[in-house]
Structures are given as structure tokens and as C-alpha cells.
Amino acid sequence: MEEYHMDYRIMDLTRERPEWIEQAAVLLHDAFHGRTESWQDLDSARREVMESLAPERISRVAVDARGKVLGWIGGMPSYRGRVWELHPLVVAVDQRRRGIGRALVEDLERILAERGARTLWLGSDDENGETSLSAADLYADIPEAIRAFRKIGGEHPCEFYFRLGFRITGVLPDANGPGKPDIFFAKRVRKGGWNF
Ligand SMILES: CC(C)(COP(=O)(O)OP(=O)(O)OC[C@H]1O[C@@H](n2cnc3c(N)ncnc32)[C@H](O)[C@@H]1OP(=O)(O)O)[C@@H](O)C(=O)NCCC(=O)NCCS
């Protein structure tokens, strides 16, 4: 299914669109190059995009009228499809803060709700001291560390996820080296309201 927005559409990324696959890889590489351990070269970014095309996964792109990829989102199922991991998500640098990231996540949520999913989650690393969960002894009091969470600076996307209704549900200390945790965000997937 295609989702229409003002000046772009959101649709499936498929093998039949090698030019979109390449653009998605470039977006991923550009966004994370120098910031994280992942996707430091274009080949690893290309592999990530190809892996997102596996039949059990969801891979969607926002494309403008000229065929330019503005953003890309992927989803991976677990727990028999009740839980989906959002992985990855990227919007082109010159297209940020105009609602494309939100539109991609909401598009994914709509698809997941139709499939009966309950939970959407993601891990967002803090490798650059951008949040209060970095450079701290998290084991001392993990619930308190999460309660006192705040962004310190930099480009960590936590505020974006909070705006979209995600909550921090956990943290994996030292995932990327001492004091460099992975932070887990999750939200309930709703189909027409509360669905406990
Ligand atoms: C995170 C990212 C996908 C957000 O995409 P985007 O298109 O700029 O986000 P949107 O314009 O849809 O923003 C949605 C909401 O989040 C807010 N928001 C987005 N980025 C924000 C930021 N850096 N700080 C504070 N709020 C932010 C917006 O103000 C907006 O609020 P509203 O809809 O309630 O008015 C984009 O910045 C990106 O690609 N970053 C680099 C890659 C990355 O970090 N991906 C996530 C990996 S876990």
C-alpha cells in the first residue's frame, strides 16, 4: 500500500528498485558515519538495506515526485509477530524536522496494527556522551538512572522518540564500550484505541 503526503509518498522498498536501495544506503552511511560503530562504509550500509528486504521484514521509503529517497524505515518481527523492532530509521539531513520521520514511524505502526502487533521497540545507542545514561555506573540504580534520564547534547534522537510516544523501557550498560550504553525505547501499537 502507498501512503500519500504533500510532496512525497511512502511505499515498500523492493529489489526492483536498485536506485532506491542505493539512495537508502547512502542516507544510512551519511547519517551514522563518524557517530557510531555501524555503517562506517557504504558496503556495510548496502548490506543493511539488502537485509531489510527479507520477506519477514518491513522496509519502507519516503520518495518525492522526482524519485529521490527522503527517508527509510525498517521493521523486524520477534515474539511470533507480537513485537517488532524498528531498525533502522533515517531521514536525509536536508529534509529533517518537516515530519518525514514521524510519517515513516506512523506508517510502520499502521501496518503493524493491521498485523496484530502489540509492541514496537528500538535500541538507540549513546556512544558519544549525549545523554545522562552515558559515563555513569548504571548498575548502581538502573530504575533511578532511567527516571532521571535527560539529553545532554549532540544528535541523540531521544526527543524525537518521546514526541512519538515512546518510553524508555531499559538500558544495556557498556553495549558499545565502557559508559556507552544502548537505550531501549518502546511503545504500544494500537488498533483503533486501547487493545489490552
Ligand atoms: C531522528 C530522525 C529520523 C527524525 O526525523 P525527522 O523527519 O527530522 O523528524 P520529524 O520532523 O518527523 O519530527 C517529529 C517530531 O519530533 C521532533 N523532533 C525531531 N527531531 C528532534 C530533535 N533533534 N530534537 C527535538 N525534537 C525533535 C519534531 O519537532 C517533531 O515534533 P512534533 O511532530 O510533535 O511537532 C532524523 O533526525 C534522523 O534521521 N537522524 C539521524 C539518524 C538517527 O538518529 N536515526 C534514529 C536511529 S535510532
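Reader: What makes the shell around the ligand divide into nonpolar, polar and charged residues?

Author: In this predicted model, the residues of that shell divide into eight nonpolar, three polar and six charged, because Ala, Val, Leu, Ile, Met, Phe, Trp, Tyr, Cys and Pro count as nonpolar, Asp, Glu, Lys and Arg as charged, and the others, Gly among them, as polar. Residues are numbered from 1 along each chain as its sequence is written. Local features need pLDDT of at least 70 and side-chain atom pairs count only at pLDDT 80 or more, whereas totals for chains, interfaces and linings use all residues.

Reader: How do you know which residues surround the ligand, and how many are there?

Author: A residue is near a molecule or strand if its C-beta atom, placed from the backbone, lies within 6 Å of it; 17 residues surround the ligand, and the closest are Arg96, Gly101, Arg102, Pro157 and Glu159. At least two residues of the shell come from each of β5 (83–91), α3 (100–114), β6 (119–125) and α5 (158–163), where helices (H or I, at least four residues) and strands (E, at least two) are DSSP runs, numbered from the N terminus.

Reader: Which domains supply the shell around the ligand?

Author: Domain 1 (1–117) and domain 2 (123–191) each give at least three residues to the shell, with bounds that come from an automatic or database domain assignment. The C-alpha centres of domain 1 and domain 2 lie 22 Å apart.

Reader: Why are β4 and β5 called paired, and in what sense do they run?

Author: Two strands pair if DSSP finds at least two bridges between them, and strand β4 (residues 69–78) and β5 have seven bridges in the antiparallel sense, so they satisfy that criterion. In β5, Trp84 is the bridge partner of Pro77, and Trp84 also stands opposite Leu120 in β6. β5 and β6 run parallel and are joined by three bridges.

Reader: What makes the crossover from β5 through α3 to β6 right-handed or left-handed?

Author: The chain crosses from β5 through α3 to β6, and this β-α-β crossover is right-handed; the term applies if, with the strands pointing away from the viewer, the path from the first strand over the helix to the second runs clockwise.

Reader: Why do β1 and β7 stand at the edges of the sheet?

Author: Eight strands form an open sheet of mixed pairing in the order β1-β2-β3-β4-β5-β6-β8-β7. β1 (3–4) and β7 (167–172) each have a single partner strand, so one side of each is left without a neighbour in the sheet.
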